[in-house]
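Me: I would like a close look at the interior packing of this model. Please keep the account plain and tie it to the surrounding parts.

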Amino acid sequence: MANTAKPSTSAQRIADAVKSLLPAGLHQPLRRVWRRIYSLAQDVPERWLYVRLWLYRLSGRSYLRWYADTLDGWVESRDPAFLARKRAVLETSGVEDLELLKSFGMRRDSTLHEFGCGQLRSALHFAEFLDPGKFSANDASKGRIDLGLDLFGDRLNPRNPKLIVNFDNSFDWLGGRKFDFLWCHAVFGHMPAEDVEATIGNVRKAMHAGSIFLFTHDEPRLQIPDTADEIVRVDARNWLQSFAYFQKLADKYGMVIEDVSSALKSYPSFRSHMCLAKMTLAASPR
Ligand SMILES: C[S@@+](CC[C@H](N)C(=O)[O-])C[C@H]1O[C@@H](n2cnc3c(N)ncnc32)[C@H](O)[C@@H]1O
């Protein structure tokens with residue numbers, strides 16, 4: 001008969017030895033206590049994020065500052081072998097972001113601003129496609145942008161993209177410049193409602209009558225089938241937001257919004273539950 005016993009680890013051997021010293025009646029309750037301690041310990045990093053966020057709030061600093069500092073604190077190795085591996089994974093992943101924008105009419109001579117460019121995986125392809133001077137991007141995390149430049153600087157630097165580090169959602173850091181396209185991928189899901197609203201309220205400063213603002217979001221009911229909530233906070237720095245919520249913001253800030261999620265289906269690199277919305281300026285702002 002085959003031996004189906006699991007291989008015994010040293011932790012398991014210690015647990016078995018302790019168990020053999022204790023009366024059988026205590027095994028079950030102690031196992032429950034141990035599971036509880038284990039699950040609390042697993043939650044510690046997440047709970048600590050909340051504690052730090054409240055300390056930031058109490059000291060008058062914004063959520064965005066906390067978020068950027070949190071990302072910047074997760075220092076990634078600059079070991080050449082690590083960078084080469086990461087580059088190999090990320091280098092082609094932004095190709096479909098470019099193809100998607102082209103399917104909405106972006107051409108080489110269009111202007112594009114990316115809001116929340118992260119480690120530049122899509123910026124790489126945007127900057128290489130667009131004519132020089134037509135692309136800019138911002139991110140709250142200088143660490144993400146620096147990592148992106150370490151990964152892709154050899155290809156990106158010759159294109160001289162304008163990369164901005166920002167700590168508010170004012171768009172004033174664009175100095176009044178207007179863009180044909182604005183792109184925001186996987187960013188709103190990391191923003192509290194007040195920041196999302198500020199972004200939707202201010203993005204018009206960077207738009208002209210023909211501008212297209214495309215952004216992704218995660219529809220709560222697609223991930224939590226029985227929810228009717230328009231916004232669901234998943235943990236300290238992740239949210240799901242519904243199209244209905246963005247529709248209300250569009251109405252409030254004089255924008256026209258359209259659900260264009262079906263466009264994502266042609267590009268398998270986008271997460272299957274991700275949604276895409278398109279905003280333009282309403283003819284006469286309210
Ligand atoms: C999940 S990453 C996505 C990065 C990039 N869009 C991509 O597709 O690879 C989210 C990025 O958004 C940035 N971010 C979040 N909120 C922001 C805000 N209010 N202003 C600027 N950047 C923000 C974060 O710093 C992070 O780099």
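Reply: Leaving aside neighbours within four places in sequence, F126 is in contact with L98, L112, E114 and F135; contact means that the C-beta atoms of two residues, placed from the backbone, lie within 7 Å. This is a predicted model, in which local features need pLDDT of at least 70 and side-chain atom pairs count only at pLDDT 80 or more, while totals for chains, interfaces and linings use all residues. Residues are numbered from 1 along each chain as its sequence is written.

F126 belongs to the largest nonpolar core, which has 51 residues. Such a core is a set of buried Ala, Val, Leu, Ile, Met, Phe, Trp, Tyr and Cys residues joined through C-beta atoms within 7 Å. A residue is buried if 20 or more other C-beta atoms lie within 10 Å of its own, exposed if 12 or fewer, and partly exposed in between, again with C-beta atoms placed from the backbone. L112, A123, F126, F181, L182 and F213 touch the most other members of this core. Another core, of 5 residues, lies apart from it and includes L64, W66, Y67 and A140.

L64, W66 and Y67 also lead to helix 3 (residues 63-73), where they are buried along with A68. Helices (H or I, at least four residues) and strands (E, at least two) are DSSP runs, numbered from the N terminus. Among the elements that cover the buried residues of helix 3 are helix 2 (24-58) and helix 8 (193-202).

In helix 8, D195, V196, T199 and I200 are buried. These residues line one face of helix 8, because they fall within an arc of 135° when seen down its axis; the arc is that of the directions from the helix axis to the C-beta atoms. The cover over them includes helix 3, strand 7 (238-241) and helix 10 (243-252).

A140, a member of the smaller core, is also among the closest residues to the ligand, with G116, G118, S141 and H185. The shell around the ligand has 21 residues, each with its C-beta atom, placed from the backbone, within 6 Å of the molecule. Helix 3 and strand 2 (135-139) each give two or more residues to this shell, and helix 3 gives the most, with 3. The shell divides into 8 nonpolar, 9 polar and 4 charged residues. Here Ala, Val, Leu, Ile, Met, Phe, Trp, Tyr, Cys and Pro count as nonpolar, Asp, Glu, Lys and Arg as charged, and the others, Gly among them, as polar.

Strand 7, part of the cover over helix 8, pairs with strand 6 (residues 231-235) in the antiparallel sense over 4 bridges; pairing requires that DSSP finds at least two bridges between two strands. A hairpin joins strand 6 to strand 7 through 2 residues, and V232 has L240 of strand 7 as its bridge partner. Both V232 and L240 are touched by P220, as are T227, D229 and S242, not counting residues up to four places away in sequence. P220 lies in helix 9 (residues 220-223) and is buried, with 21 other C-beta atoms within 10 Å.

By contrast, G25 in helix 2 counts as exposed, because 7 C-beta neighbours lie inside 10 Å. Over the protein chain, 30% of the 286 residues count as buried.
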